[in-house]
Amino acid sequence: MSVPIVYTRDKAGLITYRANPAAYDWTPTLGYARTYGAADALNEVASEAGVGLAFDGRGNMTSDGDWTFAQPPARREQVRDDGDDRRTKKTVNGVATRMLWSGRDELAEADAGARGGG
């Protein structure tokens, strides 16, 4: 089936309008149609098809009425570099690891539980 698409152009040749033939329209079936509850300030909808949805404080969905979802805790990482762009300290979720360098070579890494680290 061949369906022409009609374009309207301005004097510069730029498209200003494109006709959308009905043959290309998508109409969802009744089984697909959904209704949604009102959205909050984070654009989280309260329900879908009459089933309540739940979200955590960070905006992650925690329940869709059938399934419960758990999000991993946020990984907090901080790094510190020296003047030669070498990492000297990395802190992940409160655990600090220090790096010891000799020129361009990393000699050791130690965390707070290691001797001399901390």
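A residue is taken as buried when its relative accessible area is under 20%. S47, in the predicted model described here, has a relative accessibility of 18% and therefore counts as buried. This residue belongs to strand 3, which covers residues 47–48. When neighbours within four places in sequence are left aside, the contacts of S47 are made with T35, Y36 and G37 and, further along the chain, with G52 and L53.

At the level of the whole protein chain, the secondary structure comprises 10 strands and 0 helices, so that, with strands being the DSSP runs of E, the order along the sequence reads β-β-β-β-β-β-β-β-β-β. Burial of the kind described for S47 applies to 11% of the 118 residues of the protein chain. The accessible surface amounts to about 9800 Å², and carbon and sulfur atoms account for 51% of this area. With regard to contacts between residues at least 6 apart in sequence, the share that joins residues at least 24 apart is 0%.

Four of the strands are arranged in an open sheet, in which the order is 7-8-9-10 and the pairing is antiparallel. Strand 7, spanning residues 77–81, and strand 10 form the edges of this sheet, each being paired on one side only. From one strand to the next, the twist has an average of 15°.

The pairings within the sheet can be followed from strand 7 onwards. Strand 7 and strand 8 run antiparallel and are joined by 5 bridges, and within this pairing Q78 has T91 of strand 8 as its bridge partner. Strand 8, made up of residues 87–92, is in turn paired with strand 9, made up of residues 95–102, in the antiparallel sense and over 4 bridges; here K89 is matched with R98 of strand 9. The hairpin formed by strand 8 and strand 9 has 2 residues between the strands, and N93 adopts a positive phi near 50° in this hairpin.

Strand 9 is also connected by 6 bridges to strand 10, which consists of residues 105–111, and these two strands are again antiparallel. T97 has D111 of strand 10 as its bridge partner. As in the preceding case, a hairpin is formed, with 2 residues between strand 9 and strand 10, and G103, located in the turn, shows a positive phi of about 65°.

T97, which is situated in strand 9, offers a further example of burial within the sheet, since its relative accessibility of 17% places it in the buried class. Beyond residues up to four places away in sequence, T97 touches T88, K89 and K90 as well as E109, A110 and D111. The last of these residues, D111, is also the bridge partner of T97 in strand 10, while K89, another of the residues touched by T97, is itself bridged to R98 in strand 9.

With respect to aromatic side chains, the structure contains 0 aromatic pairs. An arrangement of a charged group over a ring is nevertheless present, in that R9 is placed over the face of Y7 at 5.8 Å from the ring centre.

Definitions and conventions: Residues numbered from 1 in each chain as written. Predicted model: local features only at pLDDT ≥ 70, side-chain atom pairs only at ≥ 80, totals over all residues. Heavy atoms only, no water. Pairing = 2+ DSSP bridges. Buried < 20%, exposed > 50% of the residue type's maximum accessible area, 1.4 Å probe, protein only. Contact = heavy atoms within 4.5 Å. Areas by Shrake-Rupley, 256 points an atom, 1.4 Å probe, with all protein chains shown as cover. Phe/Tyr/Trp six-rings, centres within 6.5 Å; stacked < 30°, edge-to-face > 60°. Lys NZ or Arg CZ within 6 Å of the ring centre and 35° of its normal. Axes fitted to C-alpha atoms, helices over the stretch in contact; angles between N-to-C directions.
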